[in-house]
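Reader: I am new to this structure. Please walk me through the terms used for it, one at a time.

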There are 2 protein chains.
Amino acid sequence: MAILVGDFAFVYADRMMRGAPAPALDVFDELRVELCVGQSLDLVATAQASADPLAARRIATYKSGKYTVERPLHLGAALAGRLDDLAGPLSDVGLPLGEAFQLRDDVLGVFGDEDVTGKPVGDDLREGKLTPLVALATARTRGDADDAELLGRLGSPDLDPIEVRALQELFVRSGALAEVERTIERLVAEGRAAIARAPLTADARDRLEDLAVYVAWRDR
Amino acid sequence: MAILVGDFAFVYADRMMRGAPAPALDVFDELRVELCVGQSLDLVATAQASADPLAARRIATYKSGKYTVERPLHLGAALAGRLDDLAGPLSDVGLPLGEAFQLRDDVLGVFGDEDVTGKPVGDDLREGKLTPLVALATARTRGDADDAELLGRLGSPDLDPIEVRALQELFVRSGALAEVERTIERLVAEGRAAIARAPLTADARDRLEDLAVYVAWRDR
C-alpha cells in the first residue's frame, strides 16, 4: 500500500508540473532519475556491506545532494526563465550544500535526538547504511580487532542500545565524527563563497545564506 | 530494487508522453490514478479475505478493465484528436472487453498452462485474490462445510498442489467456472455490438474485432 501511495504522489506531482516550461520539466525528470540512481547505489552498497569512502560520497551526492538542493535551485531558475545563466553558479552553491545536508543527516541518524529528528537513533546503523561517517571510522580504526568486530555488527537488525552507544563512542574516539564536522564546515564555506559570487540580487543571496545555515546545522 | 526499477519506468514513460496533446495527457493521468485505485481495492479485499461479488467486479473494472482496454483506446483517440466524439463509443467497446480480459486472466491464473501464461498456477489462490470466480464459488457452495473449509484455505501461502487441484474441481463442480465463461461470452458479445455501432472505419472495426477475440480467449 505504501508503494501505491508513492505512485499516487508521483502521478499528482506530474500533474502539478504539467504546463511548466520545457527546461523546468527537463530538470524535474533529471532530478527524478538521479534520485532513483542514488537510491539504487545506496541499496547495492548496503547489500555489499561496503566501506568505500568514494562510494559513500557518490551515494550522498546522488541520493540527497543533487535532489535536495542543487536540482530544486535549478528548477526555480528554470521556472524564472534563467536556467541558462544560473545553472552553473547554482550548482556551485547547491552541490556543496547538498553534500553538507546529507552529512548532517548521517550524523543526526547516529547521534540525533529522536524527539527532534523523528527518526529512531541507530536505524541507519541497524540497516548498515554506507555513510562517509562509517567509511571514515572504518579507515581510521583499521588493524584494531575489537573495533573491527564492533563495526562488523553494522547492518545487524538486532543491534542493541549498548552496541549503538559503543558505535557512537567509536565514531567520536576514532576522530571520524570530528572529520565529518570539519567537512561540513568546509562545504558550507564553499557554498557561501559561491553564493557571494553568484549573479543574484541581495534578497536571493540572503535566502541562500539562510539555506546554507539550515542544511548544515538544522537547529541553529 | 524492484520499486526503483518501477520508478525509473514511471519517469521514462512520462518523458515519452511529453509533448502529447493535453487531452492525451489527461487520459494518461486518469489511467494511472485508476490503476492505483484498482490495486488498492485489490489489496484491501485480499487483506479482508472478502468474497463480495460486487467488490470483485469493481476491482476487475479498475485494476484491469479500464487500464488494459478502455483507457488505451481513449489514449489513441486523444492522440488522433478524436476523443470528443469517440470517448463514449470506445468506452462501450472497452469496458466489457476489459472486464472479459480480467475474467480470462483470473481463469488462466487458476486453470492455465504455466508454460503458456508464464505464471505459476495457483499463485492467485495462494495470495487469496478476490476474483469473481472465487466470489461465485463461495456463493454457490454456501452451507457445505467441506467446501467452506477448502475455500477457507484460499490465501494460504502453503497451499499444496493437491489442494490447488481440489479447488479447481470445486470451481468446476459448483458451476462457478461455467458462469464465468458465460459472462465472458456475454461481455464479448456486448463489446462486439458496440464495435458494430461505433463511428469507425471498416479497418478500425476489424482491428477491434481481433482485440475482442484476443482479450477473451488469448490463444484462439
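Reader: What makes the pair Glu30(A) and Arg15(B) a salt bridge?

Author: The model is predicted. In it, the closest N and O atoms of Glu30(A) and Arg15(B) are 3.8 Å apart. The cut-off is 4 Å, between a side-chain nitrogen of Lys or Arg and a carboxyl oxygen of Asp or Glu. The pair therefore counts as a salt bridge.

Reader: How many salt bridges does the rule find across the interface of chain A and chain B?

Author: The rule finds 10. Polar contacts are counted too: 8 residue pairs between the chains, both residues at pLDDT 80 or more.

Reader: Which elements give two or more residues to the side of chain A that touches chain B?

Author: Helix H1 (2–17) and helix H2 (22–47) of chain A do. H2(A) gives the most, with 13 residues. By type, that side of chain A divides into 14 nonpolar, 2 polar and 8 charged residues.

Reader: How many residues does each chain bring to the contact?

Author: Chain A brings 24 and chain B brings 24. The area buried between them is about 2,200 Å². Carbon and sulfur atoms give 69% of that area.

Reader: Why is Asp14(B) called buried?

Author: Its relative accessibility is 11%. Buried means under 20%, so Asp14(B) counts as buried.

Reader: Where is Asp14(B) found, and what is in contact with Asp14(B)?

Author: Asp14(B) is found in helix H1 (residues 2–17) of chain B. Leaving aside neighbours within four places in sequence, Asp14(B) is in contact with Asp14(A) and Arg32(A), and with Phe28(B) and Arg32(B).

How values were computed: Residues are numbered from 1 along each chain as its sequence is written. Chains are lettered from A and ligands numbered from 1 in the order in which they are written. This is a predicted model: local features need pLDDT of at least 70, side-chain atom pairs count only at pLDDT 80 or more; totals for chains, interfaces and linings use all residues. Side-chain values use heavy atoms; hydrogens and water are left out. Contact means heavy atoms within 4.5 Å. Buried area is the accessible area (1.4 Å probe) that two parts lose on being put together, summed over both. A polar contact is a pair of N or O atoms within 3.5 Å; within protein, one must be able to donate a hydrogen and the other to accept it, and residues adjacent in sequence count only if both atoms are side-chain atoms. Helices (H or I, at least four residues) and strands (E, at least two) are DSSP runs, numbered from the N terminus. Ala, Val, Leu, Ile, Met, Phe, Trp, Tyr, Cys and Pro count as nonpolar, Asp, Glu, Lys and Arg as charged, and the others, Gly among them, as polar. Buried means under 20% relative accessible area, exposed over 50%, partly exposed in between (1.4 Å probe, protein chains only).
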